[in-house]
Amino acid sequence: MSKIYFASDFHLGTPSYEASLVREKKVVRWLNEIESDCETLFLLGDVFDFWYEYKTAVPKYYTRLLGKLAQMCDSGIKIYFFKGNHDMWTFDYLTKEIGLEIIDEEWQGTLQDKQFYLHHGDALWKGEAGYKFIRKVFRSRWAIWLFHRLHPNFGIGLANYLSRSSRKKNSVKDELDIQLEKEYQYQFALDHNVQNNIDFYIFGHRHKPMDVPIGENARLINLGDWVSKYTYATLEQGNVTLHTYDT
Ligand SMILES: [Mn+2]
């Protein structure tokens, strides 16, 4: 019986080259183990702590993961790669070179007869207006045009720096033990579920593994991260479960 896998927030590239390499190898070990029964893999954003691609240049990192994903795509596994707030500047390289499909915002659809709403999990809630604006600027055509004018040594360095400063801000937020009722993702799902018939909301971004009910029939799953938690979810026979990879 084939399964569908979900994971997010590997944040490869941080906190140092050496530490990231250890995690990257762990991710690849996990992928080696799951590929025999993996039908579809959803990577829900922030796979890379920073990413920027030029017309002719990409960051010279992440070779093992990129190779593994390419090999999985070649063997017929469908891979979806969501843009996170750390790796939103992915254009056509990963699609062309690896064969995965890039998702800009949400992915909504039916899997094993259940209704899914998938998103990185940032900028969902109306309370995030300031962040939504900055996000729009960063994703805009002119920001990308401007960035393309920078020399890769500078541009990729800057992307790296921006990721680090954004993470610092977020990690302060992450440390706060926010009550479930105040979680944006929870508020969003509650709201969204009034009008929509969704069985599973799956998000990343918060680095906080969650599996909580939304109304009568839906559930919200947060995938946690691979910075310190090594958590992922599977969909099997119509049910989603969270797991920890501790090998
Ligand atoms: Mn994120």
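Here are some notes on this predicted model, point by point.

1. Ground rules. Residues are numbered from 1 along each chain as its sequence is written. Because the model is predicted, local features need pLDDT of at least 70 and side-chain atom pairs count only at pLDDT 80 or more, while totals for chains, interfaces and linings use all residues; side-chain values use heavy atoms, with hydrogens and water left out.

2. Start with the metal. The manganese ion is held by Asp 46 (OD), Asn 85 (OD1), His 120 (NE2) and His 205 (ND1), at 2.1 to 2.2 Å. Donors here are N, O and S atoms within 2.8 Å of the metal (3.2 Å for Na, K and Ca), and sites may look incomplete because water is not among the atoms. Read along the sequence, the donor residues follow the spacing D-x38-N-x34-H-x84-H.

3. What do the two histidines tie together? His 120 sits in the loop between strand S6 (114-119) and helix H4 (129-139), and His 205 in the loop between strand S7 (200-203) and strand S8 (210-214), so the pair links parts that are 85 residues apart in sequence. Helices (H or I, at least four residues) and strands (E, at least two) are DSSP runs, numbered from the N terminus. His 120 is buried, with a relative accessible area of 0%, and His 205 also counts as buried, at 11%. Buried means under 20% relative accessible area, exposed over 50%, and partly exposed in between (1.4 Å probe, protein chains only).

4. Now look at Leu 44, in the loop between strand S2 (38-43) and helix H2 (63-74). Is Leu 44 buried or exposed? Leu 44 is buried, with a relative accessible area of 0%. Its contacts (heavy atoms within 4.5 Å) include Phe 6, Phe 82, His 120, Phe 203 and Leu 223, not counting residues up to four places away in sequence. So one of the residues touching Leu 44 is His 120, which is also a manganese donor.

5. Helix H1 (residues 17-34) is a nice ruler check. At 1.5 Å a residue, its 18 residues should span 26 Å, and the end C-alpha atoms are indeed 26 Å apart. The expected span is 1.5 Å times one less than the number of residues. Among the buried residues of H1 are Val 27, Val 28, Trp 30 and Leu 31. Their cover includes strand S1 (3-7), S2, H2 and strand S10 (231-236).

6. Next, the open sheet of six strands: its order is S4-S3-S2-S1-S10-S11, with mixed pairing. Strand S4 (101-103) and strand S11 (239-244) stand at the edges with a single partner strand each, so one side of each has no neighbour in the sheet. Two strands pair if DSSP finds at least two bridges between them. S10 and S11 run antiparallel and are joined by six bridges, and Glu 236 stands opposite Asn 239 in S11.

7. Strand S9 (residues 218-222) is mostly covered, with four of its five residues buried. S7 runs parallel to S9, with four bridges, and Phe 203 stands opposite Asn 222. S8 runs antiparallel to S9, with five bridges, and here Asp 211 faces Ile 221. S8 and S9 form a hairpin with three residues between them, and Gly 215 in the turn has a positive phi of about 60°.

8. Last, try finding His 192 in helix H7 (residues 184-195). At 14% relative accessibility, His 192 counts as buried. His 192 touches Gln 108, Tyr 117, Ile 198 and Tyr 201, leaving aside residues up to four places away in sequence.
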